[in-house]
Amino acid sequence: MKKIVILLGGLLLIANPLKAQNQPDQNQDDPSINGQFETIIRKSTNYRQAGKRYEVVRLIELEALRKNILDSISTSNSNITRLRATIAENETAISSLNTKLDETTKNLNQLTEEKDSMSFFGIMVSKGTYKLIVWSVIFGLLAFLLFFIYRFKNSNFLTQQAKSALADVEGEFEQHRRRSLEREQKISRELQDEINKNKKGA
């Protein structure tokens with residue numbers, strides 16, 4: 001009997017109360033494990049022996065309480081197993097989602113890099129670098145164009161100067177040729193006059 005009382009006390013300390021679906025009224029016993037213990041204690045009789053108090057309970061009620069406790073433990077174990085399976089499924093789903101998130105983040109970073117990059121002669125460069133290269137090429141070509149325009153204008157100016165100098169030289173040459181022709185004609189006339197005079201004197 002002492003062992004039964006100790007067992008009841010231990011079960012009372014370690015048992016977790018189950019929530020009742022309906023609030024028990026004053027005429028109805030509490031269906032929870034704790035309520036069942038209190039009912040057994042309330043319905044028990046007691047006596048004293050050697051200065052110690054003992055409680056006497058009905059065996060059928062104690063068996064019913066044991067069955068209810070075992071049922072509760074079985075239900076709790078089933079719930080624990082179900083919850084562990086749910087946790088394992090959730091962990092698998094979370095792991096899969098994390099993998100997909102990593103892949104999505106990687107793809108997003110790649111798309112962002114491709115969006116912010118341009119292909120220049122098969123090499124991926126950032127848009128800033130690409131713009132810098134393009135504008136450098138444009139300014140380089142513009143500088144070459146300005147240089148060639150300057151060279152062309154300078155060459156054209158020199159050509160015009162050369163043409164002007166050639167025209168001057170040609171004018172001077174024409175004048176010199178005309179004067180030479182006039183001198184030749186004058187000398188020829190003078191020679192002819194001398195020949196005519198010599199003929200007359202002979």
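1. K67 counts as exposed, at 52% relative accessibility (exposed means over 50% relative accessible area, buried under 20%, and partly exposed in between, with a 1.4 Å probe and protein chains only). K67 forms a salt bridge with D71, and the closest N and O atoms are 3.1 Å apart (a salt bridge is a side-chain nitrogen of Lys or Arg within 4 Å of a carboxyl oxygen of Asp or Glu). D71 is partly exposed, with a relative accessible area of 36%. The two residues are four apart in helix 3, so about one helical turn separates them.

2. The basis of these values should be stated. The model is predicted: local features need pLDDT of at least 70 and side-chain atom pairs count only at pLDDT 80 or more, while totals for chains, interfaces and linings use all residues. Residues are numbered from 1 along each chain as its sequence is written, and side-chain values use heavy atoms, with hydrogens and water left out.

3. As to overall architecture, the protein has four helices and four strands, in the order α-α-β-β-α-β-β-α from the N terminus (both are DSSP runs numbered from the N terminus, helices being H or I of at least four residues and strands E of at least two). Of its 202 residues, 9% count as buried. The protein exposes about 17,500 Å², of which carbon and sulfur atoms supply 59% (areas by the Shrake-Rupley method with a 1.4 Å probe; for residues, only the protein chains shown count as cover). Among contacts between residues at least 6 apart in sequence, 34% join residues at least 24 apart (contact means heavy atoms within 4.5 Å).

4. The structure holds four salt bridges, and the one between D71 and K67 is accompanied in helix 3 (residues 59–115) by a bridge of E63 and R66. The N to O distance between the E63 and R66 side chains is 3.0 Å. These partners lie three residues apart, about one turn of the helix. E63 is partly exposed at a relative accessible area of 38%, and R66 is likewise partly exposed, at 47%.

5. Helix 4 (residues 127–201) also holds a salt bridge, formed by E174 and R177. Their side chains meet at 2.4 Å, N to O, and the residues are three apart, about one turn of the helix. Both partners count as partly exposed: E174 has 30% relative accessibility, and R177 has a relative accessible area of 40%.

6. The count of aromatic pairs comes to two. In the pair of W135 and F139, the ring centres are 5.9 Å apart and the planes stand at 35°, so the pair is tilted (rings of Phe, Tyr and Trp, the last by its six-membered ring, pair if their centres lie within 6.5 Å; planes under 30 degrees apart are stacked, over 60 edge-to-face, and the rest tilted). Both residues belong to helix 4, four residues apart, about one turn. W135 is partly exposed, with a relative accessible area of 49%, whereas F139 counts as exposed at 52%.

7. W135 and F139 also take part in a nonpolar surface patch of about 690 Å², together with I138, L142, L145, L146 and I149 (patch residues have over 30% relative accessible area and no salt bridge; nonpolar side chains, namely Val, Leu, Ile, Met, Phe, Trp and Tyr, are joined within 5 Å, and like charges within 9 Å).

8. Turning to the strands, strand 1 (residues 45–49) and strand 2 (residues 52–56) run antiparallel and are joined by five bridges (strands pair if DSSP finds at least two bridges between them). R48 stands opposite R53 in strand 2. The hairpin has two residues between the strands. A50, found in the loop between strand 1 and strand 2, has phi near 55°, a positive value in a residue other than glycine. A50 is exposed, with a relative accessible area of 78%.

9. Q36, in helix 2 (residues 33–43), counts as buried, at 17% relative accessibility. Leaving aside neighbours within four places in sequence, Q36 is in contact with D30, P31, L65 and N68.
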